[in-house]
Amino acid sequence: MKLITRDTDYSIRALTYIAKNSSRIITITELVKELDVPKPFLRKILQMLSLGGILNSRKGKNGGFELAKKPGSICLTDIMEIFQSKFKLSECLFKKDICPNINDCVLKTKIDKIESIVESKLKDITLASLIKS
């Protein structure tokens, strides 16, 4: 199990670069050069971030990308959900049928508590906190 996937990792790198250079529009060519990421792969990531409301994109000669929100309001969980869906440590084994023990399962109760703690910690990590580091 990976907590952070490759897509999420590259999106965080792109977003931190864009946030550090927020006074101007950042082109995909500049990001490819700075991040050393294949252009088609990066284009897909940036499109998903735009669809997810994290980035604004501008087309045309002076086109590129800028943050759609302030860095302090973009949480790590926001980015993770775009590429990895909602944070979940575990799923019940019976995906099609609801487990008859779902209300009494001791393991599920403990896992739910751990998920809550981890999700809270991940929400504390904002883009602003990453660019300060």
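Read from the N terminus onward, the protein chain follows the pattern α-α-α-β-β-α-α-α. This is a predicted model, and its secondary structure comes to six helices and two strands. The chain has 133 residues, of which 33% are buried. Among contacts between residues at least 6 apart in sequence, 66% join residues at least 24 apart.

Helix α2 offers a place to begin. It spans residues 28-35, and its buried residues are I28, E30, L31 and L35. These residues lie on the same side of α2, because they cover an arc of only 155° around the axis. A general property of helices helps in reading such a pattern: an α-helix has 3.6 residues a turn, so residues three or four places apart point the same way. On the other side of α2, T29 and K33 are exposed, where exposed denotes a relative accessible area over 50%. The cover over the buried residues of α2 includes two helices, α1 (6-20) and α3 (39-51), together with strand β2 (64-67). Just after α2, D36 adopts a positive phi of about 55°.

Strand β2, which takes part in covering α2, also pairs with strand β1. Strand β1 comprises residues 55-58, and four bridges join β1 to β2 in an antiparallel arrangement. Within this pairing, S57 stands opposite F65 in β2. The two strands form a hairpin with five residues between them, and in this hairpin G60 takes a positive phi near 100°.

Helix α1, already named among the elements that cover α2, also packs against helix α4. In general, two packed helices are described by the angle between their axes and the distance between the axes. Helix α4 consists of residues 76-84; its axis and that of α1 come within 9 Å and cross at roughly 135°. That angle makes α1 oblique to α4, since angles over 145 degrees would be needed to count as roughly antiparallel. The crossing in which α1 passes α4 is right-handed. On the α1 side, the residues that meet α4 are D7, T8, S11, I12 and L15. Their counterparts in α4 are L76, I79, M80, F83 and Q84.

Taken together, these descriptions show α1 in two settings: α1 is among the elements covering the buried residues of α2, and α1 meets α4 through the residues listed above. Strand β2 likewise appears twice, as part of the cover of α2 and as the antiparallel partner of β1.

Conventions: Residues numbered from 1 in each chain as written. Predicted model: local features only at pLDDT ≥ 70, side-chain atom pairs only at ≥ 80, totals over all residues. Heavy atoms only, no water. Buried < 20%, exposed > 50% of the residue type's maximum accessible area, 1.4 Å probe, protein only. Arc of directions from axis to C-beta. Contact = heavy atoms within 4.5 Å. Pairing = 2+ DSSP bridges. Axes fitted to C-alpha atoms, helices over the stretch in contact; angles between N-to-C directions. Parallel < 35°, antiparallel > 145°, perpendicular 65-115°, else oblique. Left-handed = near helix turned anticlockwise from the far one by under 90°.
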